[in-house]
Amino acid sequence: MKKLLILVILLPILAFGQRSKNTAVFPHNVIFIVGDGMGPAQVYTSVVAQGDKSAFLMFPFTGFSRTYSHNRYTTDSGAGGSALMTGKKVDNHHIALDPDGKWNPSFLTTAKMLWGKAAGFVVTSSVLDATPASTYAHVTNRKLYDSISMQMAQCDYDVMIGGDKNHFLPENRKDGLSPLDTLQARGYKMAYNLLDLSLLKGRKICGLLSEDNPARAPERGRMLTLSTLKAIETLSKNDEGFCLMVEGSQIDWACHNNDSAYLAAEMADFEDMLKAVLDFAKRDGHTLVIVTADHETGGLTLLNGDIQNGVSNTTWATSGHSGVMVPVFAYGPGAENFSGIQQNEDFFMKILTLLSKEYWPKY
């Protein structure tokens, strides 16, 4: 079913690419980074804290994304992640699944099928959480973890890293199945902690680095940065390039808790990863880096602070999500296409159009 959907997607992508006469160098790799719950105020707290060293200041192109879902002014992470990854707005709580039940493949899946790109994701949540799930799964409710985990175990990504080993064990499941056995039977090298992950060899790796959700920053160490670098190292072995999704998942959790110290730690961790990714992209010269969010969480407002000491005084309007636009940052070949105000569903077509141009002569 996914192959048929991808073939249907191919024609408008190539037609769109043919109409656009951009003569710039096109990306060979795409690293798509999501700060879950990260609105403009969350970003600015980090810029204030980091000063001129903030990674957000290193992006030459910036914009905004409109985040509403198919059926709500304020999206949830399921619909928000699905729109970013698949180019289709869906109902809240759905994962990459139209209201009429049609599957929507992600840009990672599509690029892998069309052009042989390596693909994968790194998150600081469960690998079954809404954003990572929207890259590979199709369900009516983001909480259907038994189904999501089996879909992950059967997908064809090269790298999958996050937390939540528990949902992959038969003793913790209603269906008694073992997605962990499925992954191992399909040739994945497994790691259950950060040290073992660093030692993994091969082109297909899966890291379930915690029993449940990973610890918050800074208790989990540099899990996000080191896992991202391991993913880049692994995916770079593919001559056809790669697509990688990275999520700073717990920015959202800090904001749901209205916990400013937790937010500061997660944003510092996110910045550490951004700097590592930008260092790679600058050396490589063929990698497009995009940073955005699925939605804003907490209704964060900054009324005062201390620039000299890197302090922002935070005020929260809600423990839930808000409907405000979220920021977009882009660096590398094709980055200029992500400035201005865009829909969250626009990223899918923009990314695939840029990737298609590299392979246009083959068609």
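Colleague: Which residue stands opposite Ile33 in strand 7?

Modeller: In this predicted model, the residue of strand 7 that stands opposite Ile33 is Val246.

Colleague: What makes strand 1 and strand 7 a pair?

Modeller: Two strands pair if at least two bridges are found between them. Strand 1 (residues 29–35) and strand 7 (residues 242–248) have six bridges, in the parallel sense, and therefore they count as a pair.

Colleague: How do you know that helix 3 packs on the sheet, and which strands does it touch?

Modeller: Touching requires heavy atoms within 4.5 Å. Helix 3 (residues 77–86) touches strand 1, strand 7 and strand 8 (287–292). The direction of helix 3 makes about 165 degrees with that of strand 1.

Colleague: Which strands does helix 4 touch?

Modeller: Helix 4 (residues 107–115) is in contact with strand 1, strand 3 (118–126) and strand 7, and its direction makes about 165 degrees with that of strand 7.

Colleague: What is the order of the strands in the sheet?

Modeller: The sheet is open, has 10 strands with mixed pairing, and follows the order 5-6-4-3-7-1-8-13-2-14.

Colleague: Why is one side of strand 5 and of strand 14 left without a neighbour in the sheet?

Modeller: Strand 5 and strand 14 (340–343) are at the edges and have a single partner strand each, so one side of each has no neighbour in the sheet. From one strand to the next, the twist averages 15 degrees.

Colleague: Why is the contact of Lys102 with Asp98 called a salt bridge?

Modeller: The cut-off from nitrogen to carboxyl oxygen is 4 Å. For the side chains of Lys102 and Asp98 the N to O value is 3.8 Å, which is within 4 Å, so the pair is a salt bridge.

Colleague: Are Asp98 and Lys102 each called buried, partly exposed or exposed, and why?

Modeller: Buried means under 20% and exposed over 50%. Asp98 has a relative accessible area of 11%, so it is buried. Lys102, at 33%, falls in between and is therefore partly exposed.

Colleague: What makes the contact of Asp156 with Lys204 a salt bridge, and which parts does the pair tie together?

Modeller: The closest N and O atoms of Asp156 and Lys204 are 3.3 Å apart, so this pair meets the 4 Å cut-off. Asp156 lies in the loop between helix 6 and strand 4, and Lys204 in the loop between helix 8 (194–199) and strand 6 (205–208), so the pair ties together parts that are 48 residues apart in sequence.

Colleague: How many salt bridges does this rule give?

Modeller: The count is 12 salt bridges.

Terms used. Residues numbered from 1 in each chain as written. Predicted model: local features only at pLDDT ≥ 70, side-chain atom pairs only at ≥ 80, totals over all residues. Heavy atoms only, no water. Buried < 20%, exposed > 50% of the residue type's maximum accessible area, 1.4 Å probe, protein only. Helix = DSSP H or I, 4+ residues; strand = E, 2+ residues; numbered from the N terminus. Axes fitted to C-alpha atoms, helices over the stretch in contact; angles between N-to-C directions.
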